[in-house]
Amino acid sequence: MMTRRLLQLFTGLAMYGISLAMFIRAGLGLDPWDVFHQGVANRTGLSIGVVVIAVSFLVLLLWIPLRQWPGFGTLCNAVLVGVFADIGLAVIPQVSLLAGQIGLLGGAMVLNGIASACYIGARFGPGARDGLMTGLARRTGWSVRLSRTLIEVTVLAIGWLLGGSVGVGTVVYALAIGPLVHVLLPRFMAPAATPKAASKPAPANC
């Protein structure tokens, strides 16, 4: 079971990074966090993969006042998504025809949904950004939906001001990723570990 979970975690994170590269090459808009990553990359000259990694560890610092602790999967997520995003950008060409852009966007959405279900279902801990959302909700008493909305609207606005790509892909992602992961997650959810049943005490001799 552990081998399966590790393989699922690493495969999911690799696919997530590749899906990010596909979204970028489609050129039709990114999800809120990646609008922010792209905006920072445009202003700093760093690759988007390096920015994703740097932002992940900066977000993890925000976990400290929320009294959250990263899991193994959290740390892997912080590194591997950025690494595979840069690999994807190195091998996936830019698409200029609208039909190709739409096809690449659709493929990126499906791959991102599978990737999310894989790494979440592996049960090794949330990503840095998801942990920030749930930690904020837990500490403030806000709903997870409100926490997520506030965070994502903020990073989307900052990313757009920095030159990140906002478009139809941004809207498609916002509407489709939740239902897609909801459908796929049960297929990839690793069984939760259960404690071994305690052995019954031997009957006392009469």
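**Entry 1: the loop after H3**

I started with arginine 67, which I found in the loop between H3 and H4. This is a predicted model, so I keep that in mind for everything below. The phi of arginine 67 is near 55 degrees, a positive value in a residue that is not glycine. I noted the background too: most residues other than glycine have a negative phi. Is arginine 67 buried or exposed? It counts as exposed, because its relative accessibility is 61% and the cut-off for exposed is over 50%.

In the loop between H3 and H4 I also looked up tryptophan 63. Tryptophan 63 is buried, since its relative accessible area is 1% and buried means under 20%. I then checked its distance to leucine 30, which sits 33 residues away along the chain. The C-alpha atoms of tryptophan 63 and leucine 30 are separated by 25 Å.

**Entry 2: another positive phi**

Next I went to arginine 123, in the loop between H5 and H6. Arginine 123 isn't a glycine, yet its phi is positive, at about 65 degrees. With a relative accessible area of 39%, arginine 123 is partly exposed.

**Entry 3: the whole chain**

Time to zoom out. How many helices and strands does the protein chain have? I get eight helices and zero strands. Read from the N terminus, the elements go α-α-α-α-α-α-α-α. Along the principal axes, the C-alpha atoms fill a box of roughly 85 × 35 × 30 Å. The protein chain has 206 residues, and buried ones make up 44% of them.

**Entry 4: H1 against H5**

I picked two helix pairs to look at. The first is helix H1 (residues 2-26) with helix H5 (residues 98-121): their axes come within 8 Å and cross at roughly 155 degrees. Angles over 145 count as roughly antiparallel, so H1 and H5 are roughly antiparallel to each other. I logged the crossing of H1 and H5 as left-handed. The contact of H1 with H5 breaks down into 18 nonpolar residues, eight polar and one charged.

**Entry 5: H6 against H7**

The second pair is H6 and H7, whose axes are 8 Å apart and pack at an angle of about 125 degrees. How do H6 and H7 lie to each other? They are oblique, because that angle falls outside the ranges for roughly parallel, roughly perpendicular and roughly antiparallel. The crossing of H6 and H7 is right-handed.

While I was in helix H7 I looked up leucine 146. Leucine 146 is partly exposed, with a relative accessible area of 38%. I paired leucine 146 with leucine 9, 137 residues away in sequence, and got 28 Å from C-alpha to C-alpha.

**Entry 6: a glycine in H2**

Then I checked glycine 39, which lies in helix H2. Its relative accessible area is 0%, so glycine 39 is buried. How far apart in space are glycine 39 and leucine 162? From C-alpha to C-alpha I have 4.5 Å, although the two residues are 123 apart in sequence.

**Entry 7: the largest pocket**

Rolling a probe the size of a water molecule over the atoms shows where empty space is left. For the largest pocket I have a volume of about 1000 Å³. Its lining takes in 37 residues, and the closest to the pocket centre are Asp130, Arg148, Glu152, Tyr173 and Ile177. Which elements give two or more residues to the lining? My list is H1, helix H2 (32-44), helix H3 (48-62), helix H4 (72-91), H5, helix H6 (128-140), helix H7 (144-161) and helix H8 (168-188). H7 has the largest share of the lining, with eight residues. By class, the lining of the largest pocket divides into 20 nonpolar, 10 polar and seven charged residues.

**Entry 8: past H8**

Last stop was methionine 189, in the segment after H8. Methionine 189 counts as partly exposed, because its relative accessibility is 29%. I also took its C-alpha distance to proline 32, 157 residues away along the chain, and noted 26 Å.

Definitions and conventions. Residues numbered from 1 in each chain as written. Predicted model: local features only at pLDDT ≥ 70, side-chain atom pairs only at ≥ 80, totals over all residues. Heavy atoms only, no water. Axes fitted to C-alpha atoms, helices over the stretch in contact; angles between N-to-C directions. Helix = DSSP H or I, 4+ residues; strand = E, 2+ residues; numbered from the N terminus. Parallel < 35°, antiparallel > 145°, perpendicular 65-115°, else oblique. Left-handed = near helix turned anticlockwise from the far one by under 90°. Nonpolar A, V, L, I, M, F, W, Y, C, P; charged D, E, K, R; others polar. 1 Å grid on protein atoms, 1.4 Å probe; cavity = no way out; pocket = protein on both sides within 12 Å on 5 of 7 lines; lining within 4 Å. Points joined across faces, edges and corners; volume = space filled by probe spheres on them. Buried < 20%, exposed > 50% of the residue type's maximum accessible area, 1.4 Å probe, protein only.
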